[in-house]
Amino acid sequence: ILVTSCCFQSLGFMAQLVDERLYMKYETSEDLYSEWIMALANFCIDVPLALLGASLQILIAFAFTGFPKELFSTLLGWSLLIFFVYDSLFACVAAYAPDVQLAQLSATPLLTVFMLFNGFVVSKTGAPGWLRWIFEVSPNYYTLQSITTRFAEVEGSSANAILEAFGYESGRETAALTVMISSIVLFRVLQFIGLKFFNQIQR
């Protein structure tokens, strides 16, 4: 639930991003500033606000779980990383969509697929072979796998049955970081391209 809430943290900012993009298009058409300033402002103002909210949410939730303190850094780190992935995804979609409704409709399918193929709702061992490639690009799968394997290390052999049931593998943190950081960079680059070349003002 905590990981899922981090995925939705920036969804509420999509309407604001689309509105700000409209103003930006008018202002950049007059050469007041460049499109990358808009992307930078979003990353420096809106993202920290959403990040603060996500961090407080994780801290409060962890305080009520009763988990060992040594697990906090793992839970916080991976939860914030998946927050950045989805924040970048939503910003990318908002840069291309002509209006708020289409932006939200466009973001929903990817969000739904990644949330389903997280190893818990649909496990890697139970998924059809032709769909297993989705796990290799699903940030939700990598996040839950990394958190769960770390929890299993602390809990001991009694938790190994959970790893086997969901198909989680230990030692995949490097692959997880590679996929998730690459996704963040890709979405931010696509966001800038969308801001630069799409939804131009018709004169």
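What is the mean pLDDT of the protein, and what share of its residues reach 70 or more? The mean is 85, and 98% of the residues get to 70 or more. Keep in mind as you look around that this is a predicted model.

**Figure 1. The whole protein, helix after helix.** Count along the chain and you'll find eight helices and zero strands. Written out in sequence order, the pattern is simply α-α-α-α-α-α-α-α. The C-alpha atoms fit in a box of roughly 65 × 40 × 25 Å, taken along the principal axes. Of the 203 residues here, 42% are buried. Now think about who touches whom: among contacts with a separation of 6 or more, 75% link residues that sit 24 or more positions apart.

**Figure 2. Where the confidence dips and where it peaks.** Have a look at helix α7, residues 160-166: this is where confidence is lowest, with a mean of 77. Then move along to helix α8, residues 173-197, where confidence is highest, at 92.

**Figure 3. Helix α3 meets helix α8.** To describe two packed helices, you give the angle between their axes and the distance between those axes. For helix α3 (residues 35-65) and α8, the angle is about 130° and the axes are 8 Å apart. Are they parallel, perpendicular or oblique? An angle over 145 degrees would count as roughly antiparallel, and 65 to 115 as roughly perpendicular, with the rest above that range and below 145 being oblique; α3 and α8 are therefore oblique to each other. The crossing of α3 past α8 is right-handed.

**Figure 4. The residues that make the α3 and α8 contact.** Zoom in on the same crossing, where α3 passes α8 in a right-handed way. On the α3 side, look for E35, W36, M38, A39, N42, F43 and V47. Facing them from α8 are R188, Q191, F192, L195 and K196. Sort this contact by class and you get seven nonpolar, two polar and three charged residues.

**Figure 5. Q145, tucked into helix α6.** You'll find Q145 in helix α6, which covers residues 139-155. Is Q145 buried or exposed? Its relative accessibility is 0%, so Q145 counts as buried. Which residues does Q145 touch, once you set aside its neighbours within four places in sequence? They are G167, Y168, E169 and R172. For a sense of scale, try P128 too: Q145 and P128 are 17 residues apart in sequence, and their C-alpha atoms are 19 Å apart in space.

Terms used:
Residues numbered from 1 in each chain as written. Predicted model: local features only at pLDDT ≥ 70, side-chain atom pairs only at ≥ 80, totals over all residues. Heavy atoms only, no water. pLDDT = per-residue confidence, 0-100. Helix = DSSP H or I, 4+ residues; strand = E, 2+ residues; numbered from the N terminus. Axes fitted to C-alpha atoms, helices over the stretch in contact; angles between N-to-C directions. Parallel < 35°, antiparallel > 145°, perpendicular 65-115°, else oblique. Left-handed = near helix turned anticlockwise from the far one by under 90°. Contact = heavy atoms within 4.5 Å. Nonpolar A, V, L, I, M, F, W, Y, C, P; charged D, E, K, R; others polar. Buried < 20%, exposed > 50% of the residue type's maximum accessible area, 1.4 Å probe, protein only.
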